[in-house]
Amino acid sequence: MPIAGIYGPDDFRKSAQRRPNAQARTPVSPAGRAAAWPMPQLEWTPEVERATAHLYERVKSVIPPVEWPLMAPTIKAINELKQERNAVILAHNYQTPEIFHCVADIGGDSLQLAIEATKVKSDIIVQCGVHFMAETSKILNPQKTVLIPDSRAGCSLASSIAGADVRLLRERFPGVPVVAYVNTSADVKAEVDICCTSSNAVQVVESLHAPTVIFLPDQYLAKYVASQTDVKIIAWKGACEVHERFTGEELRAYREADPSVQIIAHPECPPDVLAEADFTGSTAHMINWVRNKHPKRVVMITECSMADNVMAELPDVEIMRPCNLCPHMKRITLAKILDSLIYMREEVTIDPAIAEKARRSVERMINLKN
Ligand code: SF4
């Protein structure tokens with residue numbers, strides 16, 4: 001059904017304080033510098049070549065041989081240091097292949113990472129993704145040290161709404177339950193009834209058994225959910241700055257060039273894009289779709305590092321992608337991951353009272369899944 005209403009900060013007289021798109025990067029404190037582990041040697045040697053040969057096999061279809069000697073010494077150092085620190089590296093599907101395939105212990109979409117974060121045995125979690133993902137890991141693992149290699153890795157969706165906005169929405173629509181996409185800060189998660197990801201958004205909305213639901217902050221995901229359910233959806237005016245740039249016209253041009261091509265798109269894209277796609281799904285659903293259907297040629301309408309990661313896994317599938325990169329995801333680099341493990345920075349902290357309330361919303365979603 002069409003969306004019932006769409007609200008934003010301008011619709012409230014008392015507008016809430018917006019979060020900045022990114023946090024300030026925490027400098028290394030004198031104590032952190034004193035406790036730092038020694039900087040490893042980062043030279044390309046025959047030993048490094050031998051030790052990383054099996055990793056290069058995983059990415060050789062997407063990383064040219066000339067670039068590997070520049071990455072391999074840091075990859076080897078990260079893998080050794082994470083053992084010594086008893087750390088685990090979680091990486092989102094939008095991380096570059098040398099991170100996703102060569103240093104990450106667990107890779108996946110927000111839902112997979114949130115679930116895996118609850119099973120982690122290590123003392124330290126290094127989150128290769130954006131800040132709200134690291135917060136989610138901390139929410140679910142309050143006793144563990146959660147590090148993000150660059151806390152400036154924000155998200156246009158997470159910065160579009162604050163906890164105070166949710167309170168204003170509740171005043172405007174008393175009694176209407178609120179679902180928040182996981183792409184929100186901890187203070188927003190603390191104010192809502194349940195979280196969702198793009199993998200389970202429709203299931204979460206319907207699980208509330210309410211005639212109307214407030215769904216925030218992604219207006220396009222909200223429209224997609226509204227098209228899949230009879231529940232009336234009230235949305236927020238947020239958008240992903242990567243997915244909103246795609247256009248239906250762009251997809252039609254791909255199809256005109258090759259009518260047999262398959263097009264798959266993420267539900268954060270605008271409706272005219274989804275109308276042109278053969279399949280719409282979360283990053284995890286898109287990856288499974290390619291694994292199962294094994295098409296000859298496919299256009300992936302999402303952040304372009306994910307296409308690289310799938311190409312590394314399935315080199316015989318020709319994957320085309322308009323290269324829209326997420327500038328926030330790309331703040332995470334091998335050098336910063338190593339820096340994170342050496343100096344134990346940047347540590348993610350959340351007010352315990354907010355974390356406790358946010359945990360209820362995230363766990364309610366995870367328990368629904370299970
Ligand atoms: S791709 Fe979009 S939703 Fe994902 S982190 Fe970047 S801005 Fe946020």
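**Reading a predicted chain, residue by residue**

Biologist: Where in the chain is H209 found?

Modeller: H209 is found in the loop between helix 9 (201-207) and strand 8, and I should say at once that this is a predicted model.

Biologist: Why does H209 count as exposed?

Modeller: A residue is exposed if 12 or fewer other C-beta atoms lie within 10 Å of its own; H209 has 8 such neighbours, so H209 counts as exposed. Its backbone deserves a look as well, since H209 has a positive phi of about 50° although it is not a glycine.

Biologist: What makes M344 buried, and where does M344 lie?

Modeller: M344 lies in the loop between helix 15 and helix 16, and a residue is buried if 20 or more other C-beta atoms lie within 10 Å. M344 has 21, and therefore M344 is buried. Phi of M344 is near 55°, again a positive value in a residue other than glycine.

Biologist: Which peptide bond in that loop is cis?

Modeller: The bond from R345 to E346 is cis, with omega near -5°, and E346 lies in the loop between helix 15 (334-343) and helix 16 (352-369). Another cis bond runs from L216 to P217, with omega near 0°; P217 is found in the loop between strand 8 (212-216) and helix 10 (219-228).

Biologist: Why is D187 called buried?

Modeller: The cut-off is 20 or more other C-beta atoms within 10 Å, and D187 has 20, so D187 is buried. D187 lies in helix 8 (residues 186-189), and, leaving aside its neighbours within four places in sequence, D187 is in contact with A162, G163 and I354. Of these partners, A162 is 25 residues from D187 in sequence and 6.8 Å away in space, C-alpha to C-alpha.

Biologist: How do you know that helix 6 is largely enclosed by the rest of the structure?

Modeller: Because 10 of the 10 residues of helix 6 (residues 131-140) are buried, helix 6 is largely enclosed by the rest of the structure. The buried residues include H131, E135 and K138 as well as F132, I139 and L140.

Biologist: Which residues touch the most other members of the largest nonpolar core?

Modeller: Of the 115 residues in that core, I99, V179, F215, I301 and I337 touch the most other members. Leaving aside neighbours within four places in sequence, I337 is in contact with I78, I99, V103, V126, C128, P149 and I332.

Biologist: How do you know whether the size of the chain agrees with that of a compact globule?

Modeller: A compact globule of 370 residues would have a radius of gyration near 21 Å, and the chain has 21 Å, so the two agree. The C-alpha atoms fill a box of roughly 65 × 55 × 35 Å, taken along the principal axes, and 49% of the residues count as buried.

Biologist: How is the chain divided, and how many residues of domain 1 are in contact with domain 3?

Modeller: The chain is divided into domain 1 (5-11 + 157-240 + 361-366), domain 2 (33-153 + 330-343) and domain 3 (243-325). Here 10 residues of domain 1 are in contact with 13 residues of domain 3, and the side of domain 1 that touches domain 3 divides into 5 nonpolar, 3 polar and 2 charged residues.

Biologist: Which residues are around the ligand, and of what classes?

Modeller: Around the ligand are V130, C155, S156, L157, N183, C240, E241, V242, E303, C326, H328 and M329, and by class this shell has 7 nonpolar, 3 polar and 2 charged residues.

Technical notes. Residues numbered from 1 in each chain as written. Predicted model: local features only at pLDDT ≥ 70, side-chain atom pairs only at ≥ 80, totals over all residues. Near = placed C-beta within 6 Å. Nonpolar A, V, L, I, M, F, W, Y, C, P; charged D, E, K, R; others polar. Rg over C-alpha atoms; globule rule 2.2 N^0.38 Å. Helix = DSSP H or I, 4+ residues; strand = E, 2+ residues; numbered from the N terminus. Core = buried A, V, L, I, M, F, W, Y, C linked by C-beta atoms within 7 Å. Contact = placed C-beta atoms within 7 Å. Domains from an automatic or database assignment.
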